[in-house]
Amino acid sequence: MQHRTSRRSLLTTTAAMAATAALGLPLPAYAAGAREGAGADRRLRALIARMSVEEKIGQLFVMRVYGHSATAPDQADIDANLREIGVRDAAELIAKYHVGGIIYFAWAHNTRDPHQIAALSNGIQAAGLAQRVPLPLLIATDQEHGAVCRVGEPATLFPGAMAMGAGGSTADARTLGRISGAELAAIGIRQDYSPDADVNINPANPVIGVRSFGADPDAVARMVAAEVRGYQESSVAATAKHFPGHGDTSVDSHTGIPVITHSRAEWERLDAPPFKAAIAAGIDAIMTAHIQFPALDPSNDPATLSRPILTGILREQLGYDGVVITDSLGMKGVRDKYGDDRVPVLALKAGVDQLLDPPKLDVAFAGVRAAVASGELSEARLDASLLRILRLKERRGLFARPYVSARAVDRIVGTRAHRAAANDIAERTTTLISNAQGLLPLSRHRHRRVLVVGADPASPSGTTGPPTAVLAGTLTELGFHTTVLSTGTAPSPAQIDAVVRAAGGQDVVIVGTYNVAAGDAQGRLVSALGATGVPVVHVALRNPYDIAHLSGYAASLATYCWTDVELRAAGRVLAGRGWPRGRLPVAVPRSDDPARDLYPIGYGLSY
């Protein structure tokens, strides 16, 4: 491994290259050459030929790193980096391990605001271009929108996948990808681990749920393909996940190893269509799932480590030759059977190209290096993955344009037009499931006094909410007089009593629920409010399945997520300023007989 690039050298490189990019002056010779179509592979192979084995190994890793800056993070982030990775900052990580990519997280303090993110991205690229063999990094994040969102406001936030599935518009999905991709690219993020291509046919799925476009494989396939095209039109690599399909699990692969019991024929019918559609749309990357799928590989290795699944099916049967990336190697679903030194080796042998966020980079790196030294992995095998990764970087313009500018951030991120598009799309997703006696839309004259109560789950991006306040604020702006009482996801008897008392004198109560289970306290809250005689409007803040466990409501809406853009749209629908146009993209099963549907796919009311 090379010694760390000096901070003075790195800062000089950063300033010079950023100025070059901002002024539109020529970049280094290889970057200018990358603009030419012919001979790109020849140039990339020449770069690979110059690299040492250790440099090649490093390029296969995509790693987390703490800090808002590539060279000057806060002391707490320096301490975290030293403890977990053995480096002080992103620049030192790149110089020591030659990693080919960085993944941004809000909890790692990478995503405070757009200008900070852009500066961090430029610092990371400067460190990559300061190496012996200068290479730009592929900076990535999970910007699915909805329930999984790493970059928050003032960036434009869209409805999540299941909400988009309720809207059913491929044009809207493509618009989401195009706008979100443009904003990510403006802050230096050139790979998005989105869209989710899982078909959520299991209402009890603890990890996918509303991250999926729905339960109809063909509908999910259409939405996935549209979003892929939108992102990649904005020069951001889209990543379909989680192959071969994580939609019918009852175990979270972060904490255990899910088992898919579908037959091969069921996989072809239920799980495969969205991935086939993504490949047909030209998807840049596909992420693996840490799941066992006995019908596809009877060895019961997780799919991430399965050659029959990744090479036999994905590459040979489906004809995919793009980048394959693991889900996080820190998840329990991939660590149960093998040690942290063996997991990356087995993933590469299975057909993986990028190794995402191992828990201990030094152990993972050493494991791959030992496998190459012993002949278990050939250098040619490393070269094959590295060529795919470099092709992706070249295709998305990273060799030609590794840096971003503050001017582009101001011009692109969170513009009025982008936010208006997100609001318009959100209004086409809100789903009216029940409306007894035509309670909705609410009237400012008959329902002027509104009590808003219920769950206030934490914001996915840390920049929105709380939901009760957002709903109440929207209704207040529309002429209603609102009162807010947050009751959480497990209201106590005392809280329920207080809410019942507060309902006295109100014209209507709006209650938001979050992942209701049979017999839980949220259900008791809704029933108690229904018994007051005051009309109750139920809003499912996440899963549309909540309604099956509730009674006492007069009307019910599904928003599919609790972020501001979806809740403002729901508020406008409640007030009659928007029309409910969404249709359930999943079936809602009966609570007393889950084999029967309470509401089928495609159900939805309007005014």
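A residue is called buried here when its relative accessible area is under 20%, exposed when that area is over 50%, and partly exposed in between. Keep that in mind for the views below, which all come from a predicted model.

**View 1. The whole protein, before we zoom in.** Let's start with the full fold: the protein has 22 helices and 18 strands. Its radius of gyration is 25 Å, close to the 25 Å the globule rule gives for 607 residues, so the protein is as compact as a globular protein of that length. Lined up along the principal axes, the C-alpha atoms fill a box of roughly 75 × 55 × 45 Å. Of the 607 residues, 62% count as buried. Take the contacts between residues at least 6 apart in sequence, and 76% of them turn out to join residues at least 24 apart. As for the outside, the protein exposes about 21000 Å², with carbon and sulfur atoms supplying 52% of that area. There are 61 positive and 58 negative charges, and the mean positions of the two sets are 5 Å apart.

**View 2. Helix α20 and its two sides.** This helix covers residues 493-503, and its buried residues are Ile496, Val499 and Ala503. They share one side of α20, because they cover an arc of only 65° around the axis. Flip to the other side of α20 and you meet Ala494 and Arg501, which are exposed. So what do the buried residues of α20 pack against? Their partners are three strands, β12 (449-454), β13 (481-486) and β14 (508-513), plus the helix α21 (521-530). Just past the end of α20 sits Gly505, with a positive phi of about 85°.

**View 3. Asn515, in the loop after β14.** Two of the partners from the last view turn up again here: Asn515 lies in the loop between β14 and α21. Asn515 isn't a glycine, yet its phi is positive, at about 55°. That's worth a look because most residues other than glycine have a negative phi. Is Asn515 buried, exposed or partly exposed? Its relative accessible area is 32%, so Asn515 counts as partly exposed.

**View 4. His98 and Gly101, around the start of β2.** His98 is in the loop between α6 (90-97) and β2. Here's another positive phi in a residue other than glycine, this time near 60°. With a relative accessibility of 2%, His98 counts as buried. Move along to strand β2 (residues 101-103) and you find Gly101. Gly101 counts as buried too, because its relative accessibility is 0%. Which residues touch Gly101, once its neighbours within four places in sequence are left aside? They are Phe61, Val62, Met63, Leu137 and Leu138. For a sense of scale, Gly101 and Asp593 are 492 residues apart in sequence, and their C-alpha atoms are 48 Å apart in space.

**View 5. Two cis peptide bonds.** Most peptide bonds are trans, which makes these two spots worth a stop. In one, a cis bond joins Ser194 to Pro195, with omega at about 10°. Pro195 belongs to the loop between β6 (191-192) and α10 (217-233). In the other, Lys241 and His242 are joined by a cis bond with omega of about 5°. Where does His242 sit? Look for it in strand β7, which takes in residues 237-243.

Definitions and conventions
Residues are numbered from 1 along each chain as its sequence is written. This is a predicted model: local features need pLDDT of at least 70, side-chain atom pairs count only at pLDDT 80 or more; totals for chains, interfaces and linings use all residues. Side-chain values use heavy atoms; hydrogens and water are left out. Buried means under 20% relative accessible area, exposed over 50%, partly exposed in between (1.4 Å probe, protein chains only). Helices (H or I, at least four residues) and strands (E, at least two) are DSSP runs, numbered from the N terminus. The arc is that of the directions from the helix axis to the C-beta atoms. Contact means heavy atoms within 4.5 Å. The radius of gyration is taken over C-alpha atoms; the globule rule is 2.2 Å times the number of residues to the power 0.38. Accessible areas come from the Shrake-Rupley method with a 1.4 Å probe; for residues, only the protein chains shown count as cover. Lys and Arg count as positive and Asp and Glu as negative; His and the chain ends are not counted. The place of a charge is taken as NZ of Lys, CZ of Arg, CG of Asp or CD of Glu.
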